[in-house]
Amino acid sequence: MLKIIAFILSFISFVISLVMYPQLPDQLAILSSSGERGNDVDKAFGAYIMPALLLIAWLVHIVIEHIDIKKLQTAFSDC
């Protein structure tokens, strides 16, 4: 159930980025950890980096969930 919710949330973030993309300026400011304005990034990168990271994290979670540690340990112990 949580996997489905995580996928839906990452999908919704992509949809929001698609809808808001035309309204974004050409350059987006990135804030530093101190809250000051840092470098500017292209709007495509700024709009889609967080949804992409959410999707990657979801995929990594799915892959890790299917790895059998015991099977890997026995495979590498034979080497």
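Which side chain meets that of Glu65 in a salt bridge? Keep that in mind while you get your bearings; what you have open is a predicted model.

**Whole chain.** Start with the protein chain in cartoon view. You should find three helices and two strands, running α-β-β-α-α along the sequence. The radius of gyration is 19 Å, well over the 12 Å that the globule rule gives for 79 residues, so the chain is more spread out than a compact globule. Line the view up with the principal axes and the C-alpha atoms fill a box of roughly 55 × 30 × 20 Å.

**Surface.** Switch on the accessible surface next: about 6,500 Å² for the protein chain, with 72% of that belonging to carbon and sulfur atoms. Just 11% of the 79 residues count as buried.

**Charges.** Now colour by charge. There are 5 positive and 7 negative side chains, and the centres of the two sets sit 8 Å apart. The salt-bridge count comes to two.

**First stop: Glu65.** Select Glu65 and Lys3, and there's the partner: their side chains meet in a salt bridge at 3.1 Å, N to O. Glu65 belongs to helix 2 (residues 43-65) and Lys3 to helix 1 (residues 2-20), so this pair ties together parts that are 62 residues apart in sequence. Glu65 is partly exposed at 40% relative accessibility, and Lys3 is partly exposed too, at 35%.

**Second stop: Asp40.** Select Asp40 with Arg37 for the other bridge, 2.8 Å from N to O. Here Asp40 counts as partly exposed at 36% relative accessibility, while Arg37, at 59%, counts as exposed.

**Last look: contacts.** Finally, show contacts between residues at least 6 apart in sequence: 42% of them join residues at least 24 apart.

Methods. Residues numbered from 1 in each chain as written. Predicted model: local features only at pLDDT ≥ 70, side-chain atom pairs only at ≥ 80, totals over all residues. Heavy atoms only, no water. Helix = DSSP H or I, 4+ residues; strand = E, 2+ residues; numbered from the N terminus. Rg over C-alpha atoms; globule rule 2.2 N^0.38 Å. Buried < 20%, exposed > 50% of the residue type's maximum accessible area, 1.4 Å probe, protein only. Contact = heavy atoms within 4.5 Å. Areas by Shrake-Rupley, 256 points an atom, 1.4 Å probe, with all protein chains shown as cover. Lys, Arg positive; Asp, Glu negative; His and termini not counted. Charge placed at Lys NZ, Arg CZ, Asp CG, Glu CD. Salt bridge = Lys/Arg side-chain N within 4 Å of Asp/Glu carboxyl O.
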